[in-house]
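Thanks for coming. I have one structure to go through today, and I will take it residue by residue before turning to the chain as a whole.

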Amino acid sequence: METFIHQLVAGLATGGIYAAVALALVMIYQATRHVNFAQGEMAMFSTYIAWSLIHAGLPYWLAFVATVAFAFVLGVAVERLVLRRLGNAPVLTMVVVFVGLLVIFNSVAGWLYTFTIKSFPSPFPSTPPFGQTFVSWHQLGTIAVTLAVLAALFAFFRFTSLGLAMRAAAQNPVSSRLVGIRVGWMLALGWGLGSAIGAIAGMMVAPVVYLDPNMMSGVLLYALAAALLGGIDSPLGAVLGGFLVGVLENLAGTYLVGTELKLSVALALIVGVLVVRPSGLFGKPQVTKV
């Protein structure tokens, strides 16, 4: 029972990271109807910026805020300078562009910081909370940060005029233009928010997996499984899917397939969801008239 509780809590903590990256994927998908395969590498690159700021002497939380701001600007810049010029390019063209961005960010990070593994500090205490060993402060903090990001996004999109304009631009660009909404900039802001959320996930996972240019490759796969499981067009579904994938991964790795085959759990989830329910658990089926 002790092992089960430990794996359950650890799964919720890692699921919080998957949920954050899945949320970033969903936000960009809602804005562009494309999956950003470079999401993990953009998060990794932003995490290196945080590492540089911390080693330059900035307090952790100040570096955290500065990195989130940097990631937001990075996401907007990618949309404005690269994706905007593609217009209505074929899906295969967009996939190639995203893979190209993935390789570029990975290579630039390795060129600037080398491929040597680096340690990344955690903002939470290292001592066990409440005198027990089932969960660490970092695991609890990761869950809390994920839920806080979800709550902030819900309030932003529900109660602010900018958030409502972004929702309208994503759902019906033509009608949004007719009422004066600058759809192009709304999509760019969506990219910025997605990049910022990815950076938060990167800074939460770096103390666990350590910092190197390839640290987000597995995380992106689990996040994609979470987004598809919850619904690629449902932010709440992506978050719930992230927690579910994290728990299933840990329990399956402990009791079923072993640590060597844990990654296959994410792949099995992706294939299973696409076969049985392509819209996900909370997604809405897309109906097209022909």
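Tyr 210 is partly exposed, with a relative accessible area of 43%. This is a predicted model, so please keep that in mind throughout. Where does Tyr 210 lie? Tyr 210 sits in the loop between α8 and α9, the latter covering 217-230. Its backbone deserves a look, since phi of Tyr 210 is near 70°, a positive value in a residue other than glycine.

There is another entry of that kind. Phi of Thr 114 is near 65°, again positive, and Thr 114 is not a glycine. Thr 114 belongs to the loop between α4, residues 91-113, and α5. At a relative accessible area of 38%, Thr 114 counts as partly exposed.

Now to helix α6, residues 161-171. Which residues of α6 are buried? They are Gly 163, Ala 165, Met 166 and Ala 169. The arc they cover around the axis is only 160°, which puts them on the same side of α6. As a reminder, an α-helix has 3.6 residues a turn, so residues three or four places apart point the same way. On the other side of α6 we find Ser 161 and Gln 171, both exposed. What covers the buried residues of α6? The cover includes α5 at 137-159, α7 at 173-178 and α8 at 183-209.

One more residue of α6 is worth a mention, and that is Leu 164. Leu 164 is partly exposed, at 40% relative accessibility. With residues up to four places away in sequence not counted, Leu 164 touches Phe 157 and Arg 158.

Next, helix α8, where Met 204 is placed. Is Met 204 buried or exposed? Met 204 is buried, its relative accessible area being 2%. If we leave aside neighbours within four places in sequence, the contacts of Met 204 are Ile 17, Tyr 60, Phe 64, Phe 124, His 138, Thr 142 and Val 145. For a sense of distance, take Met 204 and Leu 53: they are 151 residues apart in sequence, and their C-alpha atoms are 16 Å apart in space.

On to helix α1, residues 2-32, which holds Ile 28. Ile 28 counts as buried, at 0% relative accessibility. What does Ile 28 touch, not counting residues up to four places away in sequence? The list is Arg 33, His 34, Asn 36, Gln 39, Gly 190, Trp 191 and Gly 194. Ile 28 and Gly 75 are 47 residues apart in sequence, and C-alpha to C-alpha they are 10.0 Å apart in space.

Ala 22 is also in α1. Its relative accessibility is 0%, and Ala 22 counts as buried. Leaving aside neighbours within four places in sequence, Ala 22 is in contact with Ala 223, Ala 226, Ala 227 and Ala 238. Ala 22 and Val 174 are 152 residues apart in sequence, and the C-alpha to C-alpha distance between them is 27 Å.

That leaves the chain as a whole. How many helices and strands are there in the chain? There are eleven helices and zero strands. Along the sequence the pattern therefore reads α-α-α-α-α-α-α-α-α-α-α. The radius of gyration is 19 Å, close to the 19 Å that the globule rule gives for 290 residues, so the chain is as compact as a globular protein of that length. Along the principal axes, the C-alpha atoms fill a box of roughly 60 × 50 × 35 Å.

Some totals for the chain. Of its 290 residues, 51% count as buried. What share of the contacts between residues at least 6 apart in sequence joins residues at least 24 apart? That share is 75%. The accessible surface of the chain comes to about 14100 Å², and carbon and sulfur atoms account for 71% of it.

Last, charge. The chain has 13 positive and 7 negative charges, and the mean positions of the two sets are 21 Å apart.

Notes: Residues are numbered from 1 along each chain as its sequence is written. This is a predicted model: local features need pLDDT of at least 70, side-chain atom pairs count only at pLDDT 80 or more; totals for chains, interfaces and linings use all residues. Side-chain values use heavy atoms; hydrogens and water are left out. Buried means under 20% relative accessible area, exposed over 50%, partly exposed in between (1.4 Å probe, protein chains only). Helices (H or I, at least four residues) and strands (E, at least two) are DSSP runs, numbered from the N terminus. The arc is that of the directions from the helix axis to the C-beta atoms. Contact means heavy atoms within 4.5 Å. The radius of gyration is taken over C-alpha atoms; the globule rule is 2.2 Å times the number of residues to the power 0.38. Accessible areas come from the Shrake-Rupley method with a 1.4 Å probe; for residues, only the protein chains shown count as cover. Lys and Arg count as positive and Asp and Glu as negative; His and the chain ends are not counted. The place of a charge is taken as NZ of Lys, CZ of Arg, CG of Asp or CD of Glu.
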